[in-house]
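Me: I would like a close look at a single part of this model, taken slowly and with the supporting details kept together. Please treat the place where the two chains meet as the main subject, and then turn to the fold behind it.

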Amino acid sequence: MNKLESRFGEFGGMYVPELLVPALDQLEQAFIDAREDASFQQEFTGLLNDYAGRPTPLTLTKNLVSNPLVKLYLKREDLLHGGAHKTNQVLGQALLTKRMGKTEVIAETGAGQHGVATALACALLGLKARIYMGEKDVERQAPNVFRMRLMGAEVIPVSAGSGTLKDAVNEAMRDWSANYDKAHYLLGTAAGPHPFPTIVREFHRMMGEEIRQQVMDKEGRLPDALIACVGGGSNAIGMFADFIEQPEVKLIGVEPAGKGLHTHLHGATICKGSKGILHGSHTFIMQDQEGQIEESYSVSAGLDYPAVGPQHAHLAQTGRAEYVAVTDEEALHAFQLLARKEGIIPALESSHALAHALNMADEAEQETILVVNLSGRGDKDLAHVTKILGDEVNG
Amino acid sequence: MDRYKTLFKQLNERKQGAFVPFVMIGDPDPDTSFEIICQLIDSGADALELGFPYSDPIADGPTIQKAAIRALKEGATPPQCFEILTKVRALYPDIPFGLLLYSNLVLAKGIETFYQRARDAGVDSILIADVPLREVAPFKQAADNTGIEQILIAPPNASDESLKEVAAASTGYTYVLGRAGVTGAETDANLDARALLNKLQQANSAPSLLGFGISRPEQVKQAIVEGAAGAISGSATVNIIENNLHDKQQMLNKLSDFVHAMKAATQKD
C-alpha cells in the first residue's frame with residue numbers, strides 16, 4: 001500500500017500499469033527517507049542556494065499598477081538558473097535518482113523548460129538524460145532543444161499522436177516501463193501518478209515559504225492574494241502550499257483560455273474540463289463524451305496540457321483556491337506591458353498570471369497586496385512572440 | 001457465464017494450452033474488424049482479447065498504438081465497439097472474450113454503466129491496462145455486480161505479496177507479463193516465466209495466460225511447457241493487419257495461417 005496519502009479528496013491516485021507500481025513505491029520510499037535525512041536536505045539546499053540562486057527576490061513593481069491602493073509583487077523565479085522555477089524540483093528529483101542508485105533520467109518536455117532544467121541537473125550530477133519532446137514542440141522551441149543537447153541530454157522527438165506534450169509524457173512512461181531498473185522518470189509537473197504530485201509540490205514549496213518571509217519583512221503582514229499560472233500546476237502549487245491552511249490569503253490559479261473559453265482552442269481544464277483519468281491521475285481533463293483525450297491549445301507551450309495536477313482539482317472543488325482563465329491576447333498584452341513598464345520580459349506562461357493580477361489591481365477598492373509568481377523568463381518565447389507581435393513592436 | 005472455466009476444462013481434457021490473439025476493435029474499419037474477429041475464431045483461437053481504441057495508450061508499443069489510430073480515424077467509439085461485439089457474440093455463443101482497454105473509457109459514462117454494457121454485449125472479462133491492483137476496488141465491484149471477470153496483471157517485478165494479492169483478485173484468468181516494457185513483437189518475451197507461474201499456481205491463481213512479446217509458435221510452446229495455461233499474442237496479430245491493409249483477402253488468409261500455427265503449438269506432448 002501507499003505510505004503517503006495518494007489522494008487529494010477524490011482526486012489523484014496511481015492509475016498506471018501494474019508493472020510501474022514497484023517503481024513508484026520505490027520512489028515514494030526514497031522520498032520519505034530523504035525528507036528525514038539531514039544530509040540530503042543539506043545537499044538539496046546547498047544546490048538551490050549556491051548553484052541555482054535561491055532565494056529569488058520579491059520585486060515590487062514600480063510603474064505597472066496605476067491604482068494607488070495596490071502593491072503588486074513579483075516572485076522572481078525568472079531569475080533562477082535555467083530561467084524558470086522548474087530547476088527547484090528537478091534538482092530534488094535528480095538527487096533522489098542518485099539516492100535510488102539509478103544512473104539514467106527520462107523526462108518529457110513541452111516548451112523545453114523542464115527539459116532544460118533536467119539537462120542541467122543531469123550534467124551537474126553526472127546522470128544520463130533522455131528527454132521526450134513532441135515533434136511540433138521540437139520545431140517551435142529550437143533554442144531550448146539546442147540548450148538541452150549542449151548540456152549533453154539526448155532529445156527524442158515524438159511523432160505519435162498529436163506530437164505535443166501529452167504524447168511526450170506517454171512516450172516517457174513507455175520508456176520507463178522498460179527501464180525502471182536503471183532509469184528514473186523525472187516528471188516535470190505536479191501531476192501524474194502518486195507520489196509525483198506530492199514530491200513535486202514539496203520540492204517547490206520553498207517558493208511560498210520565501211514569499212511569506214519576504215512579504216512579512218516588507219509589509220509586516222501576509223499578502224491578500226497569490227496568483228500563479230496553471231498548466232500542470234507546479235509553480236502554482238509550490239507557491240500555494242505554505243498558505244493552504246490560511247484562508248485569509250486568496251489563492252488564484254490562472255489557466256490558459258487560448259482563443260477563448262467559448263472555442264475549443266484552450267487548455268482550461270479546471271474551468272472547462274471534466275473528471276477523468278490521464279497520465280496516472282484522476283483529475284480534471286479535456287475529453288470528449290466517450291473519454292478520448294482532446295487536444296489542448298495555448299499560445300504558451302508550458303500551459304498547453306489537457307490535464308491538471310490533482311491537488312488543484314481538489315483545491316478547486318473545495319473552493320480553497322479559485323481558478324480563472326486568461327486568453328492568449330490578454331497574456332500577450334501583459335507580456336508587453338511588463339517589458340515596457342518594468343524592464344522585465346516574462347515567460348508567456350507567467351504572463352497569464354500577470355494579466356489576471358492586473359485586472360484584480362484595477363478593480364481593487366481597498367489596500368491590497370498581490371503576489372504574482374513570475375515563474376519564468378521570456379527569452380524562450382521571443383521567436384514565437386516576434387512572429388505574433390513583431391511588426392507592432394518594431395513599428 | 002463461465003466460459004473461461006469451460007474452456008480451460010476442455011483444453012485440459014484435450015491436453016492443450018489456450019491460444020488467445022488480440023486485435024483492436026474497429027481496426028482498420030468496423031466491417032473489416034468484424035470479419036477479422038470471425039476469422040480468428042474460425043481459425044482456432046480459443047479465446048479473444050479485444051482492445052477499445054484509445055487516444056493515449058501508455059502501455060502499448062507502436063504496433064497497437066497505430067491500430068488504435070487507424071480505428072479512431074474511422075470514427076470508432078465505444079458504442080460502435082459494443083455493436084461489433086454483440087454481432088460476434090450472436091454468432092459465437094461459447095468462445096470467451098475479454099476487453100483490454102484504458103480506465104478513462106470505462107469512467108466516461110460511469111463504471112457500472114460500462115460494465116453493464118459490456119455484459120449485455122456478451123463480454124466475459126475486462127482488463128484495464130492502467131488500473132493496478134491498488135486502484136481496482138471500484139472496478140472489481142462493478143465486475144462482481146455484473147458477473148464479469150476482472151483480470152489483473154502479474155508483472156515480472158512484483159513482490160511475492162503482490163503476486164498473492166493478484167492471484168486472489170484476478171478471476172477468469174491471470175495475465176502474466178512475459179517481460180517488462182510495453183506491448184510489441186519487436187522485443188521477445190525474455191524471461192523464464194517458470195518461477196512467476198509457480199508462485200501464482202501455489203497461490204491458487206486462476207489459469208495464467210502469458211503475454212507481451214509472444215509472436216512465434218515456439219514461444220507459445222515454451223510458455224505452456226513453463227506452466228502457463230496459454231499465451232496471448234497481440235502485436236504479432238496486429239502486424240498482419242497492418243501489413244495487408246491493401247488486400248483484405250490476403251490479410252484474412254495470413255491471419256488464418258498465423259492462428260493455425262500458433263494454436264498447433266499449444267498441443268502438449
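How much area is buried between chain B and chain A, and what percentage of it do carbon and sulfur atoms give?

Reply: This is a predicted model, and what follows should be read as a description of that model. The area buried between chain B and chain A is about 2,900 Å², and carbon and sulfur atoms give 53% of it. On the side of chain B, the residues that lose the most area to chain A are Ile58(B), Arg134(B) and Glu135(B), which together make up 25% of what that side buries. Counted by residue, the contact draws 37 residues from chain B and 36 residues from chain A.

The polar part of the interface can be described in a similar way. Between chain B and chain A there are three salt bridges, and one of them joins the side chains of Arg7(A) and Glu135(B), with a distance of 2.3 Å from N to O. Glu135(B) is thus named twice here, once in this salt bridge and once among the residues of chain B that lose the most area to chain A. Across the interface of chain B and chain A, 20 residue pairs are in polar contact. Helix 3 (62–73), helix 4 (78–91) and helix 5 (103–107) of chain B each supply at least two residues of the side that touches chain A, and the largest share of that side, four residues, comes from helix 5 of chain B.

Turning to the fold of chain B, nine strands form an open sheet with parallel pairing, in the order 5-4-3-2-1-9-8-7-6. Strand 5 (149–150) and strand 6 (153–154) of chain B stand at the edges, and because each has a single partner strand, one side of each is left without a neighbour in the sheet. The partner of strand 6 of chain B is strand 7 (residues 174–177), the two pairing in the parallel sense over two bridges, and Ala154(B) has Val176(B) in strand 7 as its bridge partner.

Two helices of chain B can be placed against strand 1 (18–24): helix 2 (residues 30–42) lies across strand 1 and strand 2 (48–51), running at about 175° to strand 1, while helix 11 (residues 235–243) lies across strand 1 and strand 9 (230–233), running at about 50° to strand 1. Within helix 11 of chain B lies Thr237(B), which counts as buried because its relative accessibility is 0%. Leaving aside residues up to four places away in sequence, Thr237(B) touches Pro21(B), Phe22(B), Val23(B), Leu40(B), Leu255(B) and Phe258(B).

Terms used: Residues are numbered from 1 along each chain as its sequence is written. Chains are lettered from A and ligands numbered from 1 in the order in which they are written. This is a predicted model: local features need pLDDT of at least 70, side-chain atom pairs count only at pLDDT 80 or more; totals for chains, interfaces and linings use all residues. Side-chain values use heavy atoms; hydrogens and water are left out. Two strands pair if DSSP finds at least two bridges between them. Contact means heavy atoms within 4.5 Å. Axes are lines fitted to C-alpha atoms, for helices over the stretch in contact, and angles run from 0 to 180 degrees between N-to-C directions. Buried means under 20% relative accessible area, exposed over 50%, partly exposed in between (1.4 Å probe, protein chains only). Buried area is the accessible area (1.4 Å probe) that two parts lose on being put together, summed over both. A salt bridge is a side-chain nitrogen of Lys or Arg within 4 Å of a carboxyl oxygen of Asp or Glu. A polar contact is a pair of N or O atoms within 3.5 Å; within protein, one must be able to donate a hydrogen and the other to accept it, and residues adjacent in sequence count only if both atoms are side-chain atoms.
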